Amino acid sequence: IGYGGGRLLKAASSYFKKAIGVDIHQEHDKAREFIGKDNVELLTSSGRNIPYQSDCIDLVYSFIVFLHLQSLSAFASYISETYRVLRNGGVAQIYYGRHKDPNGFLEYPSEANSASLEIGDALIYTKCRAMGFSVIDTGTSYKNAPDGFNKTMGQQNYITLMKQPG
């Protein structure tokens, strides 16, 4: 979710049979040229959905994007869509803006590329579990990783989720 210029999607295309990028922009040609692989599909989203069929994806990954969502409801929509498109046993790793209150959240207007949504860890765990996910890992992002791990925390935490076989 949120392939941008295609940097992470290019890496994924080297490891997966097919890599699918979903973003709100329509600059597919620029990203496709950068990626340079035939096993990549680029899709445009409303910013709340994943325009793909249900129960067919093995891994959903999003880095930085959820920090820029405009509302908690947009976050909930993407988590619901992630559950819908994942196969049973599929995994999602989502990075999100960290809020200091574990049960709180903060939505604030932002300019492009600045943070606009912070979510507390307990709140995100509760929402993800309510949608049917198991939480299999959590953690914190760090600045300058992997170029130079300096133990300085970034603005994001991550949650790794699994869609339980029904």
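1. Two strands count as paired if DSSP finds at least two bridges between them. That rule underlies the strand pairs below. In strand 4, Gln 93 is the bridge partner of Tyr 61. Likewise, Val 60 has Ala 92 of strand 4 as its bridge partner. Note that this is a predicted model.

2. The sheet comes next. It is open, has four strands and follows the order 3-4-8-7. Its pairing is mixed. Strand 3 (57–62) and strand 7 (133–142) are the edges, and each pairs on one side only. Ignoring direction, neighbouring strands of the sheet are turned by 10° against each other on average.

3. Take the two pairings that involve strand 4. Strand 3 and strand 4 (residues 86–97) run parallel and are joined by five bridges. Strand 4 and strand 8 run antiparallel, with seven bridges between them. On the strand 8 side, Val 91 stands opposite Met 162.

4. How are strand 3 and strand 4 connected? Together with helix 3 they make a β-α-β unit, and this unit is right-handed.

5. Helix 3 packs on the sheet. It touches strand 3, strand 4, strand 7 and strand 8 (153–163). The direction of helix 3 makes about 155° with that of strand 4. An angle over 145 degrees counts as roughly antiparallel, so helix 3 is roughly antiparallel to strand 4.

6. Helix 4 lies across strand 4, strand 7 and strand 8. Helix 4 runs at about 20° to strand 8. Angles under 35 degrees count as roughly parallel, so helix 4 is roughly parallel to strand 8.

7. What angle do the axes of helix 3 and helix 4 make where they cross? Roughly 40°, for helix 3 (residues 72–85) and helix 4 (residues 121–130). The two axes come within 10 Å. The helices are therefore oblique to each other. Their crossing is right-handed.

8. Which residues make the contact between these helices? Helix 3 supplies Leu 72, Phe 75 and Ile 79. Helix 4 supplies Leu 123, Ile 124, Lys 127 and Cys 128. By class, the contact has six nonpolar residues, one charged residue and no polar ones. Lys counts as charged, so Lys 127 is the charged residue in this contact.

Key. Residues numbered from 1 in each chain as written. Predicted model: local features only at pLDDT ≥ 70, side-chain atom pairs only at ≥ 80, totals over all residues. Heavy atoms only, no water. Axes fitted to C-alpha atoms, helices over the stretch in contact; angles between N-to-C directions. Parallel < 35°, antiparallel > 145°, perpendicular 65-115°, else oblique. Left-handed = near helix turned anticlockwise from the far one by under 90°. Contact = heavy atoms within 4.5 Å. Right-handed = clockwise from strand over helix to strand, strands pointing away.
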